[in-house]
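Hello,

Here is the structure I promised to pass on to you. Have a look at it first, and then read my notes below.

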Amino acid sequence: GRPDPSVPPSGVSCSGCGAELQCQDGAAPGFVPAEKYRSLSEGPAGPAGLRGAVCQRCWLLAHHGRALRLRLPPEQHREVVSAALRRPPRHGRGPLLLYILDLLELPDPVLPQLQGLLGPDVPAAGLLVVGNKVDLLPADSPGHLGRLRQQLAAACAQAGLRGTPLVDVRLVSAKTGFGLEGLISRLQRSWKCAGDVYLLGATNSGKSTLFNSLLLSDYCKSRAPDVVDRATVSPWPGTTLNLLKFPIINPTCDRIFRRQERLKEEAAKTEDQLSSEEKKYLDQLKKQGYLVGEVGRTFQQQKSSPVVDFDPDMLSYSIDEDPRHSPKKNEEREEFTYNEVKDARWCFDTPGIVKENCVLNLLTEKEVKLVLPTNAIIPRTFILKPGMVLFLAALGRVDYLQGEKPAWFSVVASNLLPVHISTLSNADALYEKYGGQEFLKVPMGGEERMKEFPPLVPQDITLKGIGATEAVADIKLSSAGWVAVTAHAEEKLLLRAYTPKGTALVVREPPLLPYISTIRGARIPGTAAYRTKKPPSQVENLKTTGRR
């Protein structure tokens with residue numbers, strides 16, 4: 001579709017990313033092709049006919065997984081968030097900050113910057129930190145969730161967030177629903193409906209997925225899901241471009257009681273008592289994550305039709321659609337009444353803060369899809385002798401330079417990224433030959449792609465082993481994943497790790513999953529690899545006596 005610079009912006013926000021809908025500039029946020037823009041805005045409703053529409057970029061993300069690059073500097077995301085947080089306090093108090101953190105990214109690079117986004121005159125009333133994507137991590141030992149929660153709390157303490165009281169830290173999966181009912185109960189108990197809530201976090205932390213889950217939960221006013229559109233969800237960094245919001249329900253004593261009764265009733269069920277549709281959906285979630293939950297609704301009866309991210313009839317345009325648009329849909333669109341929202345407290349989804357020194361900033365959309373894990377991660381463990389090298393695609397490399405005994409190297413990364421073992425004498429030649437090729441997979445695009453891709457740069461690391469079953473540290477290769485190193489007690493190792501120039505390499509001590517090397521099968525004869533092993537999934541809020 002073509003732009004039309006003569007048409008002024010609409011004043012209406014895209015229901016998927018929050019950007020103002022416009023047809024002036026195809027490379028700017030909120031673009032809708034001029035033909036479609038006119039068909040929506042020139043009807044009887046005028047510009048209001050655009051309500052519920054999404055921009056071209058959101059439509060392509062939702063339906064084709066394609067990302068349009070925008071002329072949008074990373075600073076603009078930060079400015080939108082900072083301006084929102086510096087607004088004069090509503091209802092006599094500052095907002096609650098609900099900070100969403102990707103557990104795989106610990107230590108989170110954006111959390112220490114949070115203080116700089118807040119204005120000195122409008123302090124936040126509290127901070128609740130949510131560790132998301134816990135479903136992707138295998139249980140390396142009993143009590144692993146408690147250990148993860150402790151590490152999350154330690155990361156908050158190290159971030160040095162002065163002046164903002166830490167309300168709680170929680171572990172959830174916005175995708176599979178694990179921990180969300182507990183999060184909602186915590187919010188309703190501690191914050192009630194005292195003020196606005198802002199979802200904050202780095203790009204790809206899962207804010208918009210959590211926003212959509214809360215929109216369809218007891219945290220949201222019962223009629224809001226019929227009025228408020230769901231946020232666009234995509235692995236592409238920076239999907240949300242402006243503020244999206246829904247009204248928070250007031251958790252009265254009666255509502256809290258009815259909600260608790262529903263949760264008790266659901267917790268008494270076994271999997272065998274679920275309907276065939278519920279079992280099918282549960283089995284699908286189990287394939288995607290190790291930890292699964294369900295987010296129900298107390299104050300509105302569930303609709304029988306399946307929930308989808310987008311209703312195609314409500315979208316702004318289709319590639320092969322006739323440009324005519326039926327105004328009937330817009331006329332029937334529900335709106336809030338004045339009394340429903342005059343004193344409302346709102347939950348806002350904000351643009352993700354772009355992570356600096358992140359390997360994802362160097363990748364194409366196809367490469368991002370391969371690098372970001374979306375299903376339960378299956379750890380891959382290798383036993384290496386000094387003089388051996390481990391490649392994680394062409395994005396990271398770990399050399400075992402010196403040590404007395406073999407050591408175990410466990411890779412925790414997207415299952416789609418290949419791992420290859422080589423020797424020091426052959427490693428450089430392997431990278432030169434296969435960088436950009438299918439063998440190393442990412443980056444992709446052959447010699448031309450590798451010419452523009454930054455070279456791998458080294459960092460020497462010295463570690464001392466704890467024991468044959470407990471990792472001493474994680475070598476985090478930017479956002480591509482990490483390698484947990486396990487060595488015999490008191491064994492000294494000299495390693496050299498590589499990541500692309502300009503990206504962050506972090507040695508994480510203590511490791512996130514210290515017993516990860518024990519999740520393995522038998523050694524594969526003639527290789528350095530062990531057979532992989534996938535732990536079983538666990539379902540929250542169901543009796544464990546039923547079918548597993």
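P443 sits in the loop between α13 (424-434) and α14 (446-452); helices (H or I, at least four residues) and strands (E, at least two) are DSSP runs numbered from the N terminus. The peptide bond that leads from V442 to P443 is cis, with omega near 0 degrees.

Before you go further, please note that this is a predicted model, where local features need pLDDT of at least 70, side-chain atom pairs count only at pLDDT 80 or more, and totals for chains, interfaces and linings use all residues. Residues are numbered from 1 along each chain as its sequence is written, and side-chain values use heavy atoms, with hydrogens and water left out.

A second cis peptide bond, with omega about 0 degrees, joins E509 and P510. P510 belongs to the loop between β17 (505-508) and β18 (538-539).

Another backbone detail is at A393, in the loop between β9 (388-392) and β10 (396-402). A393 is not a glycine, yet its phi is positive, at about 50 degrees. For background, most residues other than glycine have a negative phi, and most peptide bonds are trans.

You may also like the helix pair α6 (residues 180-190) and α8 (residues 253-267): their axes come within 12 Å and cross at roughly 160 degrees (axes are lines fitted to C-alpha atoms, for helices over the stretch in contact, and angles run from 0 to 180 degrees between N-to-C directions). The contact (heavy atoms within 4.5 Å) is made by E181, I184, S185 and Q188 of α6 and I256, R259, Q260, R262 and L263 of α8.

Enjoy exploring!
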